[in-house]
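User: I should like to understand how the terms used for a structure are justified. Please explain each one from its definition.

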Amino acid sequence: QVQLVDSGGGLVQPGGSLRLSCAASGSSFRLHTMAWYRQAPGKQRELVAGINSGGITNYADSVKGRFTISRGNAVNTGYLQMNSLKPEDTAVYYCNAILEIAGILKNYWGQGTQVTVSS
């Protein structure tokens, strides 16, 4: 059973920073792509940032220059460094990963971690 666990959210003041973590655990798999999405109250879930197996990244325009997605030294981990946070960044953040298990690509989601930016 493969699980994706995201963590690191919290309450931070505007201009502050947080680092979210994502870790996949379970049976043998290969990590292809990892991404972070977020969903604010009353809004649709949106892509924040993604990184593929080659290390190529992409970002939503709203977070470019402020957020950085990366893969960890452990092959099954990833991070989202969030700097210069704004109140409009407040949302539940979800880790998403495409994992290859026994030759089949499968899509996994973390349980979500709340990020609140407020003074």
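Analyst: A polar contact is a pair of N or O atoms within 3.5 Å; within protein, one must be able to donate a hydrogen and the other to accept it, and residues adjacent in sequence count only if both atoms are side-chain atoms. This is a predicted model, in which local features need pLDDT of at least 70, side-chain atom pairs count only at pLDDT 80 or more, and totals for chains, interfaces and linings use all residues. Residues are numbered from 1 along each chain as its sequence is written, and side-chain values use heavy atoms, with hydrogens and water left out.

User: What makes the pairing of the side chains of R38 and E46 a polar contact?

Analyst: The side chains of R38 and E46 make their polar contact at 2.7 Å, and the limit is 3.5 Å. The side chain of R38 is also joined to that of S62 by a polar contact of 3.4 Å.

User: Why is R38 called buried?

Analyst: Buried means under 20% relative accessible area, exposed over 50%, and partly exposed in between (1.4 Å probe, protein chains only). R38 has 6%, so R38 counts as buried. E46 has 35% and is therefore partly exposed.

User: How do you know that D89 forms a salt bridge with R38?

Analyst: A salt bridge requires a side-chain nitrogen of Lys or Arg within 4 Å of a carboxyl oxygen of Asp or Glu. The closest N and O atoms of D89 and R38 are 3.0 Å apart. D89 lies in the loop between β8 (77–82) and β9 (91–101) and R38 in strand β4, so the pair ties together parts 51 residues apart in sequence; strands (E, at least two residues) are DSSP runs, numbered from the N terminus.

Technical notes
Helix = DSSP H or I, 4+ residues; strand = E, 2+ residues; numbered from the N terminus.
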